[in-house]
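Me: I have a structure open and would like to understand the labels used for its side chains. Could you take me through the reasoning?

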Amino acid sequence: MSIASPAAQTIARLDTLQAGRGIAAVYVVLFHARLITDERLGVEVSNRFIEAGHAGVEFFFVLSGFIIFHIHRKDLGRPDQLWGYLRNRLVRIYPMFWIVFAMFVAGQAASGQIDKLLSGAINIARAILLVPFDGLPPMTVAWTLSHELLFYCLFALAICSPRIGWMVLAAWWTVCTALIPLSMAMGVSPIFPQSFFFSPYNLLFLVGICAASYSSHLPASALLCGGLFGGGLLLFSVIILLEPQLHDTVTVVLYGLGAGAMILAAVRAEELRLVRVTRLMTFLGDASYSIYLLHSIAIILATMIVGHLGLAAVLPPLGTALLMAFAGVVAGSLFHVTVEREMMKAFRRKHRLNAVST
């Protein structure tokens, strides 16, 4: 999620990547809408595909690996591009997060229920800087941003020195992989901070990089693209249904493989002009970061309104959850149009950069 470096400005925007970001964000919104609706309105929704909406995170991590490599492969081995790369990553993530985090804290203060993780200057600094917590951070959705930042920093090593960078990344992913069978066999997960630095979620960036590196070599075949996408979608769907019976680390990796296959096929199909993405989908992709950050706050406010009006007793459970999800998507989209997009325009004007999908 960033603006491309000067070396990458010639890379075309891929609308399928934007559509993927939008789909992933909406899927996560559905997941949280179900949880918050149940918690605050006592409305339980039993739908396996909505219950597995957290898999939108796995999909997005694969997308992130694909996008970073797609945008910055020309920067590898060019230390002069390091500052631009880091600046764009940090500017893209932190200002928007800080704005929404301030809203989150203000909401807690107004309700008189400040999270205990926000007690003390050190914890507050950790939350603001996205330093990982042992468990979920005060603003729950921020845990994924900590993983993103870790990946960004390690990929920066490859920009400075491909040999050193890829050695470090390979060692990192090797340890992440090795811990999966160990944790399954022993029945004990790594403790923090190892659980963060060597989480199976970090392997999803590798899946995205592999998909990006192979995308231009995939044969120009509509049948192959369709089969690969269908296979990835089938794997993703099967894991959704079987997830309650599978180990958590296995589901993370299998979701990632399914996502990687779909993304690879979709990107190649777009390059071959076999598919076209609607404006709505590209807009949702553009707004995905705002939607992701803001949707939980919006859904909580929406449940308060629905509870006050007594609509939860009238609407069916699934209808209530979908209404809450719609409120989250709309709020995030409006925030994107009024705040995020204008802020990014100002940044691009200042640094004379072109907008590129990331």
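Reply: Happy to; we will go through some aromatic rings, two charges and a surface patch, keeping in mind that this is a predicted model.

Me: Why is the pair of Phe236 and Tyr255 called tilted?

Reply: The ring centres are 4.9 Å apart, and a pair needs centres within 6.5 Å. The planes make an angle of 50 degrees; stacked would need under 30 and edge-to-face over 60, so the pair is tilted. By this rule the model has 17 aromatic pairs.

Me: What makes this pair a tie between parts of the chain?

Reply: Phe236 belongs to helix α10 (residues 222-242) and Tyr255 to helix α11 (residues 248-271), so the pair ties together parts that are 19 residues apart in sequence.

Me: How do you know whether Phe236 and Tyr255 are buried or exposed?

Reply: Buried means under 20% relative accessible area. Phe236 has 7% and Tyr255 has 0%, so both are buried.

Me: Why is Arg126 said to sit over the ring of Phe133?

Reply: Its charged end is 4.4 Å from the ring centre, and the distance limit is 6 Å, along with a limit of 35 degrees from the ring normal. Likewise, Arg89 lies over the face of Tyr152, at 5.2 Å from the ring centre.

Me: What makes Leu311 eligible for the nonpolar surface patch?

Reply: Patch residues need over 30% relative accessible area and no salt bridge. Leu311, in the loop between α13 and α14, has 32% and is therefore partly exposed. The patch, with about 820 Å² of accessible area together, gets the most from α14, with 4 residues.

Terms used
Residues numbered from 1 in each chain as written. Predicted model: local features only at pLDDT ≥ 70, side-chain atom pairs only at ≥ 80, totals over all residues. Heavy atoms only, no water. Phe/Tyr/Trp six-rings, centres within 6.5 Å; stacked < 30°, edge-to-face > 60°. Helix = DSSP H or I, 4+ residues; strand = E, 2+ residues; numbered from the N terminus. Buried < 20%, exposed > 50% of the residue type's maximum accessible area, 1.4 Å probe, protein only. Patch = residues over 30% accessible without salt bridge, like charges linked within 9 Å, V, L, I, M, F, W, Y side chains within 5 Å. Areas by Shrake-Rupley, 256 points an atom, 1.4 Å probe, with all protein chains shown as cover. Salt bridge = Lys/Arg side-chain N within 4 Å of Asp/Glu carboxyl O.
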